[in-house]
Amino acid sequence: MATVESALRGTYGRVWLEGEEIGILKNINLKVIPNYEDVIVGFTVDRQAVSIQYTGDLTFEAINSISSELCKKYLKNTNLRFTIECNLSDPCAMGEEETYTINGVTFDEFPLANWQKGALIEKTFNFRASDVVIVDLIN
């Protein structure tokens, strides 16, 4: 039976990029988007999946200059791919964790400077990926 105590919270999420924890996670969204083609069957139109696309975005409070470092790496090799690992280890999950490895990551842009007086520095990366591995799930 679901109770308020069993509700999962994103407070305990962590993210690594190329094996390095990149900051204080604010949010990560990872989606699978199916691509369809219409198929005419008799007099009706149905659809059939022809591919999938992995997309997402990642926002964190900066603790270093990782976005500038990533941009420098990218400029040396514009076909560079990255790996993101994300993990949710909520105490309500009774020791279980939800973990994904996101492979073949390309970023839509590299946020370099995003400063505001009196505010924490946040960086947001929109990305696409070629593969996602579900490592652990919370049951």
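This report walks through the largest pocket, the salt bridges, the helix and a few single residues of the structure above.

The model is predicted, so to read it fairly, note that local features need pLDDT of at least 70, side-chain atom pairs count only at pLDDT 80 or more, and totals for chains, interfaces and linings use all residues. Residues are numbered from 1 along each chain as its sequence is written, and side-chain values use heavy atoms, with hydrogens and water left out.

**The largest pocket**

Let us start with the empty space. Rolling a probe the size of a water molecule over the atoms shows where such space is left. A pocket here is an open set of points on a 1 Å grid over the protein atoms alone, where a 1.4 Å probe fits and protein lies on both sides within 12 Å along at least five of seven lines. The largest pocket has a volume of about 260 Å³, a volume being the space filled by probe spheres set on the points, which are joined across faces, edges and corners.

Its lining (residues with an atom within 4 Å of a point) is made of 15 residues, and Gly13, Leu25, Ile28, Asn87 and Leu88 lie nearest the centre. Strand 1 (13-17), strand 3 (23-41), strand 5 (82-88) and strand 6 (98-107) each give at least two residues to this lining. Strand 3 has the largest share, with six residues. Strands (E, at least two residues) and helices (H or I, at least four) are DSSP runs, numbered from the N terminus.

Sorted by class, the lining holds seven nonpolar, five polar and three charged residues. In this sorting, Ala, Val, Leu, Ile, Met, Phe, Trp, Tyr, Cys and Pro are nonpolar, Asp, Glu, Lys and Arg are charged, and the others, Gly among them, are polar.

**Salt bridges**

The whole structure has two salt bridges, each a side-chain nitrogen of Lys or Arg within 4 Å of a carboxyl oxygen of Asp or Glu.

| Pair | Closest N to O |
|---|---|
| Arg14 and Glu21 | 2.8 Å |
| Lys26 and Glu122 | 2.7 Å |

The Lys26 and Glu122 pair ties together distant parts of the chain, with Lys26 in strand 3 and Glu122 in strand 7 (residues 122-129), 96 residues apart. For accessibility, buried means under 20% relative accessible area, exposed over 50%, and partly exposed in between (1.4 Å probe, protein chains only). Glu122 is partly exposed because its relative accessible area is 25%. Arg14, at 39%, is partly exposed, and Glu21, at 30%, is partly exposed too.

**Helix 1**

Helix 1 (residues 66-76) has the buried residues Ile66, Ser67, Leu70 and Cys71. They lie on the same side of helix 1, because they cover an arc of only 140° around the axis; the arc is that of the directions from the helix axis to the C-beta atoms. The other side of helix 1 carries the exposed residues Lys72, Leu75 and Lys76. Cover for the buried residues includes strand 1, strand 2 (20-21), strand 4 (44-62), strand 5, strand 6 and strand 7.

**Phe125 and Pro111**

Phe125 belongs to strand 7 and is buried, because its relative accessibility is 1%. Leaving out residues up to four places away in sequence, Phe125 is in contact (heavy atoms within 4.5 Å) with Gly56, Asp57, Leu58, Phe60, Ser67, Leu70, Phe107, Glu109, Phe110 and Pro111. Its C-alpha atom is 13 Å from that of Gly23, 102 residues away along the chain.

Pro111 sits in the loop between strand 6 and strand 7 and counts as buried at 18% relative accessibility. With the same sequence neighbours set aside, up to four places away, Pro111 touches Ser67, Lys123, Thr124 and Phe125. Between the C-alpha atoms of Pro111 and Thr101, ten residues apart along the chain, there are 23 Å.

**Asn29 and Glu18**

Asn29 is part of strand 3 and is partly exposed at 33% relative accessibility. Beyond its neighbours within four places in sequence, Asn29 is in contact with Thr55, Gly56, Asp57 and Phe127. Asn29 and Thr59, 30 residues apart in sequence, are 9.0 Å apart from C-alpha to C-alpha.

Glu18 lies in the loop between strand 1 and strand 2. Glu18 is not a glycine, yet has a positive phi of about 55°. With a relative accessible area of 42%, Glu18 is partly exposed.
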